[in-house]
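Notebook open, coffee poured. Today I'm going through helices, cysteines and a bit of surface.

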Amino acid sequence: MPAYQAAAFLPTSLPALIAAAKGAPVVVVDPGSTDESAAIAESLGARVIRLGHRAGPAEARNAGTAAVEADVVLFVDSDCVARPDIVDRVRRAFAENSSLVSLTGSYCDSPPHPGFFSQYMNLRHHRTHQRAKREGAGFWAGCGAVRLSAFRKCGGYDAALYPRPMIEDIELGMRLRELGATHLDPDLQVTHLKHWTLRSTVTTDIVHRAIPWSRLILERGVPNDLNLRRSQRVAAMVAPFAILSVPAIPVALATRPVWVAAPLAIILVSVMLNLDLVTFFARRRGLLFGCGAWFFHQVHLFYSAATFAVVAVHRALTRRGSPSR
């Protein structure tokens, strides 16, 4: 468990993980916190490793795995509360499949913070992983387990490329897939305690995810899974038109009502492309939330696609300007 500035979360998340471990060692790595994270973790019974300098979760997880000897290592983030069966599920999965090198879980569908962006981000993550492919799955370090021999063979997390929380787990998953079976267990779940705001949502989506993920996609290709499924790529193309269609409806009604058919048609197409996610939002938090989450999801798709386009153009221009060998 990497724990940077996690003093507010550890009293809730760490006891749950220790209880689920049922005697197995729990290692907390403090990558340069200035709060009481390390002291709290020690008082709760975890083994604590202090890095003594500011580091990202990739370096912290590498340090933790270097300090243990086990067949399988389970990673859980410090702001995630593990379900009681989490360790048992991991043990059973690896015992039943000797070729398994990684097992990925999911957020639960009941995030505790009531704010719109906290609900949207957690529920979006939950639904995306619930619909992802079970075999040949990617890896997620918020709740994911690896066979330690495979982890070490592929070199662990790339802490040099990802010095801060980014997509270090996604990139690791691509390398693990070359070494054996990679599965997703939709019932391997944790509850995410993080409070999301508009600013943290957009910053995380663009800076910590879209930019590095775009670079990774351009280098290794586009996987047809998670939020990069073909249907979601089409939805991203429709998203800017769907966003513009919302204010276009009252304008059309006030000027030429016959024109309202066009924005309504675009919105209908967008809803159909995102129907599973929209209906899931509505079932979990009501119709009003579902409508608001649909609209913000179009914003998310738009800025994510725009970021990819900018990164792709920048890469093309950089390569064109590089001297030929």
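Started with helix 5: 14 of its 15 residues come out buried, so the rest of the structure largely encloses this helix. Worth keeping in mind that I'm working from a predicted model.

Next I checked the length of helix 5, which runs over residues 116-130. At 1.5 Å a residue I'd expect a span of 21 Å, and the end C-alpha atoms sit 21 Å apart, so the two agree.

Then the cysteines. How many disulfides does a search of the whole structure find? Zero. I looked at Cys-108 individually: its nearest cysteine sulfur belongs to Cys-80 and is 9.3 Å away. A disulfide needs the two sulfurs within 2.5 Å, so that pair doesn't qualify. Cys-143 is in no disulfide either; for this residue the nearest cysteine sulfur is again that of Cys-80, at 7.5 Å.

Buried or exposed, I asked of Cys-108? Cys-108 has 5% relative accessibility, which makes it buried. Cys-143 is buried too, at 0%.

Last stop, the surface. I noted a nonpolar patch made of Leu-268, Met-272 and Leu-275, and together they have about 290 Å² of accessible area. Where does Leu-268 lie? In helix 10, which covers residues 261-273. Leu-268 has a relative accessible area of 52%; the cut-off for exposed is over 50%, so Leu-268 counts as exposed.

A reminder to myself on helix geometry: an α-helix has 3.6 residues a turn, so residues three or four places apart point the same way.

Notes. Residues numbered from 1 in each chain as written. Predicted model: local features only at pLDDT ≥ 70, side-chain atom pairs only at ≥ 80, totals over all residues. Heavy atoms only, no water. Patch = residues over 30% accessible without salt bridge, like charges linked within 9 Å, V, L, I, M, F, W, Y side chains within 5 Å. Areas by Shrake-Rupley, 256 points an atom, 1.4 Å probe, with all protein chains shown as cover. Salt bridge = Lys/Arg side-chain N within 4 Å of Asp/Glu carboxyl O. Helix = DSSP H or I, 4+ residues; strand = E, 2+ residues; numbered from the N terminus. Buried < 20%, exposed > 50% of the residue type's maximum accessible area, 1.4 Å probe, protein only. Expected span 1.5 Å × (residues − 1).
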